[in-house]
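Q: Please take me on a close look at one part of this structure, a spot where helices pack, and show how it sits within the whole.

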Amino acid sequence: MRRILSNYIDSFSGLSREVWWLALITLINRTGAMVIPFLSLYLTDDLCFSLHEVGWVMTSYGLGSFCGAWLGGKLSDKIGYYKVILGSLVLTGVSFLIIQYFSSFWSICISFFVLIAIADTARPAFFVALSAYSKPENKTRSLTFIRLAINLGFSAGPALGGLIIASIGYYGLFWVDGITCIIAGIVMTQTLHPKKARELDKEVIIDNPVPAHRDNTYIIFLISLALFGFIFVQYFSTIPLYYKKIHHLSEENIGLLLALNGALIFMFEMPLIAYLEKTNISKVGNVIYGFILTGISFILLLITPWAGILIIGMIIATLGEMVAFPFGNAFALDRAKKGKQGAYMGLYSMSFSAAHIFGHNSGMQFIANFGFDNSWLFMAFISVIGTVLLLIVKRKLAIEKKASLL
């Protein structure tokens, strides 16, 4: 037991002070992120929206994310990641406090578009900040550490969110979300002043870097990640509905089941990534394994009506997430050319925004027309397509490596 604990602690060694502060800021922000996991339930139960309407709200959410990621990438290259992150945190907090007062279909669509557009301008900026604050050899673990903070907050958020809904109602979530965003911004101003930032990543600057949108290998990789995001976002829109409508779970139990995802990541992701980095498996290879595991998690839901399969499915999906996301992030950062990191990471963030645009709505519409079981089969099929694309990326990378040696 002592050896396991020692290995766990060692997996955090070597990370810069700035990365620890970024993790704390992220933890504060994500602990209050309670609205999004319960959004589909809030729209159906509290505002009485139909599944079709919920699907379109989720599409506006995704469109806002897409636009925000694009804008965040551009702004990060022009004004710097610090200003982008700070502005996003504060304005997102204010937006959460305002949005609770909207209730009509169109006002909800527009307000969530604006909210998420503001919030997701910070996503590319966070990646650029991590690249600046991390030594090249620590990038994957730094990314994993930030994800650990995200999921530690997310493990507490849904569980607390379920209790808030049961005690004072959905509006309490908006207040907590808004206040924690603003607090995260205040902490950032006190701990990560831009004039004191240390640029730890001293990788060689590439002359005449290839624009992100012309890097064909990178684009195929992003398409596969968009497909991965397409199936993964179901765990935050259609899956909670499945838990409630088919297995009749309460909001509290749904929150606890979603919190299991974050708890598992907190306990196992850092040691798992530290171990996988020592193997001969490539970054893209690890993403492939994560994709396959996530696809399997949907197949498990078709096997038996036993409620315990929900826990097993969540564990398998979480394992897939733990493997795919850190190495996918790390590959994108490795691929980014110096001076164009904002553009590269903006496209990376936009790939997941596209998943939000199409994933939530398609999932809702598919369920409304064909039922849950057929939807899970469709998600498994998407995982097969994404895996094939990643195999193409591996082949193209091998060709690139061979050409560079000639």
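**A helix crossing and its surroundings**

A: Happily! Of the 406 residues in the protein, 56% are buried (under 20% relative accessible area with a 1.4 Å probe, counting protein chains only; exposed is over 50%, and partly exposed lies in between). This is a predicted model, in which local features need pLDDT of at least 70 and side-chain atom pairs count only at pLDDT 80 or more, while totals for chains, interfaces and linings use all residues. Residues are numbered from 1 along each chain as its sequence is written, and side-chain values use heavy atoms, without hydrogens or water.

The setting is helical: there are 15 helices and zero strands (DSSP runs of H or I with at least four residues, and of E with at least two, numbered from the N terminus). Of the contacts (heavy atoms within 4.5 Å) between residues at least 6 apart in sequence, 88% link residues at least 24 apart. The accessible surface of the protein is about 17500 Å² by the Shrake-Rupley method with a 1.4 Å probe, and 68% of that surface belongs to carbon and sulfur atoms.

Now to the part itself, the pair formed by α4 (residues 51-79) and α7 (residues 122-133). Their axes, lines fitted to C-alpha atoms over the stretch in contact, come within 6 Å and cross at roughly 40°, on a scale from 0 to 180 degrees between N-to-C directions. The two helices are therefore oblique to each other (not under 35 degrees, not over 145 and not 65 to 115). On the α4 side, the residues that meet α7 are S65, A69, G72, G73 and S76. Facing them from α7 are R123, P124, A125 and V128.

Just before α7 in the sequence sits D120, which belongs to helix α6 (residues 105-120). D120 has a relative accessibility of 12%, so this residue counts as buried. Apart from neighbours within four places in sequence, D120 contacts S65, G68, A69 and S353. Two of these names, S65 and A69, also appear among the α4 residues that meet α7.

Follow the chain back towards the start of α4 and you reach C48, in the loop between α3 (39-46) and α4. C48 has a positive phi of about 60° although it is not a glycine. For context, most residues other than glycine have a negative phi. C48 is exposed, with a relative accessible area of 61%.

H248 offers a second example of a positive phi in a residue other than glycine, with a value near 55°. H248 lies in the loop between α11 and α12 (251-276) and is exposed, at 63% relative accessible area. Helix α11 itself (residues 238-245) is mostly covered, with six of its eight residues buried. Those six are T238, I239, P240, L241, Y242 and Y243.

Finally, let us visit F230, in helix α10 (residues 216-232). With 10% relative accessibility, F230 counts as buried. Beyond residues up to four places away in sequence, F230 touches A355, F358, G359, S362, F378, M379 and I382. The link to I382 spans 152 residues in sequence, yet the two C-alpha atoms are 8.3 Å apart in space.
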